[in-house]
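Me: I've just opened this one and don't know my way around yet. Could you walk me through it?

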Amino acid sequence: MPQFLSKLSNYFTQVCNNIYSLSSFQIFIICALISFVINLPTLTVQHTLHTDGVGGDLFFIEAITRGELPYRDFNWIYGPVMLYYNAFFFKVIGHNIHSLIWAKLLLNAFFAGVFFLAARKIMPALTAFLATVTFIVFMPDFQHNFSHYGGVCIEIGILWAVLSYHSNARNKHLLWAALLVLLLGFIKINFGIMFLGGSILCFILCDLFRDKRLVPARLLLYGAALLIICFLWIITYYLFVRGLSLEEIKQCFPIFPDNCYYGGSFSQNLISCINLAKTEISSNHFYQLILIIATICILRILFHLTWNHTCVINSQRNFFLSISILLILSTITLHEYFKARIDYQAFWGIPFFTITIAYLVSETCLISNRAIQLIATLACITIISCHAYQNWKFLDGFKKQEYYFAYKGVDIYTTVNPTDIKTMQETADFINTKIPKDELFLAFPNEPFYYFLTDRKSPSRLIYMIGATNVTPKQQEDLINNMERQHVDYIVLNNICYFGNMWGVFGENNCLILYKYFKENFEEIAQFNNHPIQYWNGTKIFKKKTPAQCLVKNP
């Protein structure tokens, strides 16, 4: 047994030496390739597919390829950058969902390499490599749209720029951070604002730890960068939204109180976040293991620092500065969850949670003996391998005919309920066969996927008409006049309009004027999966009554 452990230790040393002999660029390429290979199964299996979200993005991106402008021609609620990025792949590869998945695979692969470069600034090459592979394996495939993953990638770039400045304070790192923050604001403006403030705070902390004082010239530089970035955001977004009313602009940026999804006070949402964390940890053994490891690492590091009367574990960096930067950036990624209490919004923080845990483990290993380092490495490899296999097995389980969606550019297995797949296909079939090609229909309250599947344009720029959108009475009247002028005789109504909460209840607290118009002028001609109401994609289709029928009072 001792001989086996000795051989294992020697092999571990050899592997470490081989990794350390590689350049950062070589490991960057390796990490990018690993990300690409691990995420390749998503080319055949799509996490969820609904008529808004991922399905709706296909319509919006196709609209961009036709020369339409976000906000002005359709009410888009995120930044424009990812629309144009994905539209490029639509143009090059084709108007299908696989083009968007290729776009995601390539961007995620590149920034997996950037994640390694960021981790390398505060930990050894081997630990940084393992942290990167852990991030690749545990980072979920964002299932709600083709926009947010781009924001997470840019966040990783900002992390790299900040940690680069932390290890070597040079102006080029400030410039990179400024450019990436600017870009993040064009993906999701509230995250751009938060990371602008968070990055400047991190830079100031770095200056304080290095110079022991605030340097006026640096503060002026940060202030100038803040003003320039904000000016560029304002002028660029103005060019997109000019001509729109204030209410229409607010609907495109759901960060204002009247248009913020869910809402609630900060204290309530903080309590909700803590309760969610407790629930997740208590129900998941892996999270419990991570919490135990993090706690042990923190206690071990604090004991070491206290015993040696120092703030430094490695001479190249200050532990408290490094952990402060990671905690600041981790915290600001959760601001949207604190405001809105939507569980998936914690997705933005996963890269920062991962690198924070990895940093604690790395510093603990530096002050531990060779045996502890070997055990930690083997445990990490085991956890990564098991989770990678679980991910593959999960996706492979959906490669069955009942999970296959095949309709106009969307030929892919998906993880949604087979009933929903059938409903979407039947609804699209009905529209294509029963509604003349030269006629428009209104998909209500936010079902743009049907426009994409049937090659139709929307009769209105107002695509999102859920409760949180706060569609005004004037907008409803304008929509009715617009429908009359364009002779829109059909409506596709999704069950989601009755779900309540952020979606509202159609006719009770959402779009009352529109509800009255629908009720008095349209009659139901078909329904698909409309019972029970909990089914996400249940639809009803209505056709406009004849003038004689409209004279008959509705019961």
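**A first look around**

Reply: Sure, let's start inside: the largest cavity holds about 220 Å³ of space. Keep in mind as we go that this is a predicted model.

Me: Which helices give two or more residues to the lining of the largest cavity?

Reply: There are 18 lining residues, and those closest to the centre of the cavity are Asn-39, Asn-108, Phe-135, Met-139 and Pro-140. By class, the lining has twelve nonpolar, four polar and two charged residues. The elements that give two or more of the lining residues are helices H2 (24-39), H5 (97-120), H6 (125-138) and H7 (148-167).

Me: In what order do the three strands of the open sheet lie?

Reply: Start from the outside: E1 (45-46) and E2 (404-407) are the edge strands, each pairing on one side only. E2 and E3 (residues 410-414) pair in the antiparallel sense, over four bridges. Pairing in the sheet is mixed, and the order is E1-E3-E2.

Me: Along E2, which side chains point to one face and are buried?

Reply: In a regular strand, side chains alternate between the two faces of the sheet. E2 does this too: Tyr-404 and Ala-406 point to one face and are not buried, while the buried ones on the other face are Phe-405 and Tyr-407.

Me: And in E3, what is the bridge partner of Phe-405?

Reply: Let's work along the pair of strands. Tyr-407 of E2 stands opposite Val-410 in E3, and the hairpin has two residues between the strands, with Lys-408 taking a positive phi near 30°. As for Phe-405, its bridge partner in E3 is Ile-412.

Me: How many disulfides does the structure hold?

Reply: A disulfide is a covalent bond between the sulfur atoms of two cysteines. Take Cys-206: the nearest cysteine sulfur, that of Cys-202, is 6.8 Å away, while the cut-off for a disulfide is within 2.5 Å, so Cys-206 is in none. For the structure, the count is zero.

Me: Is Cys-206 buried or exposed?

Reply: Buried means under 20% relative accessible area. Cys-206 has 4% relative accessibility, so Cys-206 counts as buried.

Me: Where is confidence lowest in the chain?

Reply: The mean pLDDT of the chain is 86, and 88% of its residues reach 70 or more. Where pLDDT is low, the predicted coordinates should not be read in detail. Confidence is highest in helix H8 (residues 171-185), at a mean of 96, and lowest, at 59, in helix H22 (residues 547-550).

Conventions:
Residues numbered from 1 in each chain as written. Predicted model: local features only at pLDDT ≥ 70, side-chain atom pairs only at ≥ 80, totals over all residues. Heavy atoms only, no water. Pairing = 2+ DSSP bridges. 1 Å grid on protein atoms, 1.4 Å probe; cavity = no way out; pocket = protein on both sides within 12 Å on 5 of 7 lines; lining within 4 Å. Points joined across faces, edges and corners; volume = space filled by probe spheres on them. Nonpolar A, V, L, I, M, F, W, Y, C, P; charged D, E, K, R; others polar. Buried < 20%, exposed > 50% of the residue type's maximum accessible area, 1.4 Å probe, protein only. pLDDT = per-residue confidence, 0-100.
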